[in-house]
Amino acid sequence: MSDTVSVSVPTPHGPRTVTLAYARVGSGEPLLLLHGIGHHRQAWDPVVDILATERDVIAVDLPGCGESPALPDGLAHDLATMNTALGALCETLELERPHVAGNSLGGLLALELGRQKLVRSVTALAPAGFWSPVERRYAFGLLQAMRQGARSMPLPMVERLSRTAAGRAVLTGTIYARPGRRSPEAVVAETLALANAKGFTETLRAGAAVQFTDDIPGLPVTVAWGAQDRILVRRQGIRAKHVIPRARLVRLPGCGHVPMNDDPALVARVVLDGSR
């Protein structure tokens with residue numbers, strides 16, 4: 001089921017309304033799925049049906065991404081605001097301390113929700129926030145180049161490229177290790193999602209000051225990293241393990257930065273194991 005929900009986010013000048021789009025399927029304990037910057041909730045489509053056999057799965061478009069509008073004036077696209085909005089979403093949907101899994105920016109948000117004890121378990125796939133200054137500049141430069149490329153290509157060109165495996169590699173080879181596996185329709189949709197992400201620049205700017213440095217005691221945490229991640233290099237997973245020493249660190253062979261498409265069965269198993 002696809003729907004939208006409006007939630008109230010407090011500010012010094014009074015509450016502001018934030019609208020979030022989401023899709024919900026399955027039954028069991030609730031599992032919140034969070035995507036990366038410039039992506040959309042459909043990034044999780046390859047694993048949703050598997051997860052839904054055991055979980056009540058709620059995949060969310062983050063503010064300014066996918067079908068969710070940008071945050072209203074006066075609200076920053078930063079970690080604190082996004083997690084306040086996600087907390088309000090859980091309250092509105094009556095999700096009492098759900099499990100959460102996130103990828104990239106979504107992984108960072110998931111870890112922050114865990115740090116605040118708003119969830120019962122965290123699975124973070126290549127989470128942001130464990131970079132060195134050089135690695136952060138490299139990742140941000142790559143993301144900006146991807147965004148510029150997506151915005152500069154006319155839709156007929158994107159559609160033409162999506163019809164071949166080589167073309168899909170051109171469009172999505174930075175985030176996927178196996179871009180040929182993605183359907184043409186999905187590649188077109190996520191290229192448009194990147195081009196049209198209203199919160200992209202503000203979110204990236206806010207991320208420049210982010211470094212995750214806190215342990216998350218008393219909560220099951222899994223950190224998983226694709227062996228072929230071209231955006232956030234896999235040694236950042238070792239840093240995450242040092243910061244969160246009780247976390248389970250998992251290597252994802254043959255997977256890129258967005259591993260759900262590269263090996264759906266493996267990623268689904270990692271998420272389900274992490275939420276048991």
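Start by selecting Leu 32 in this predicted model, then look across to strand β5, where its bridge partner is Val 100. Now widen the selection to the two whole strands, β3 (residues 29-34) and β5 (residues 99-103). They run parallel, and 4 bridges join them.

Keep β3 on screen and add strand β4, residues 55-60. This pair is parallel too, with 6 bridges between β3 and β4. To see where the two strands face each other, pick Glu 29: Arg 55 in β4 stands opposite. How does the chain get from β3 to β4? Select helix α1, residues 45-51, because the chain passes through α1 on the way, making a right-handed β-α-β crossover.

Next, show the surroundings of β3. Is this strand largely enclosed or open? Here 5 of its 6 residues are buried, meaning under 20% relative accessible area, so the rest of the structure largely encloses β3.

For the last stop, leave the strands and select two helices: α5 (residues 155-162) and α7 (residues 184-196). Two packed helices are described by an angle and a distance, both taken between their axes. For α5 and α7 the angle is about 145°, and the axes lie 9 Å apart. The crossing of α5 past α7 is right-handed.

Turn on the side chains to see who meets whom:

- From α5, show Leu 155, Val 158, Glu 159 and Ser 162.
- From α7, show Pro 184, Val 187, Val 188, Thr 191 and Leu 192.

Try colouring these residues by class: the contact has 6 nonpolar, 2 polar and 1 charged residues.

Technical notes. Residues numbered from 1 in each chain as written. Predicted model: local features only at pLDDT ≥ 70, side-chain atom pairs only at ≥ 80, totals over all residues. Heavy atoms only, no water. Buried < 20%, exposed > 50% of the residue type's maximum accessible area, 1.4 Å probe, protein only. Pairing = 2+ DSSP bridges. Right-handed = clockwise from strand over helix to strand, strands pointing away. Axes fitted to C-alpha atoms, helices over the stretch in contact; angles between N-to-C directions. Left-handed = near helix turned anticlockwise from the far one by under 90°. Contact = heavy atoms within 4.5 Å. Nonpolar A, V, L, I, M, F, W, Y, C, P; charged D, E, K, R; others polar.
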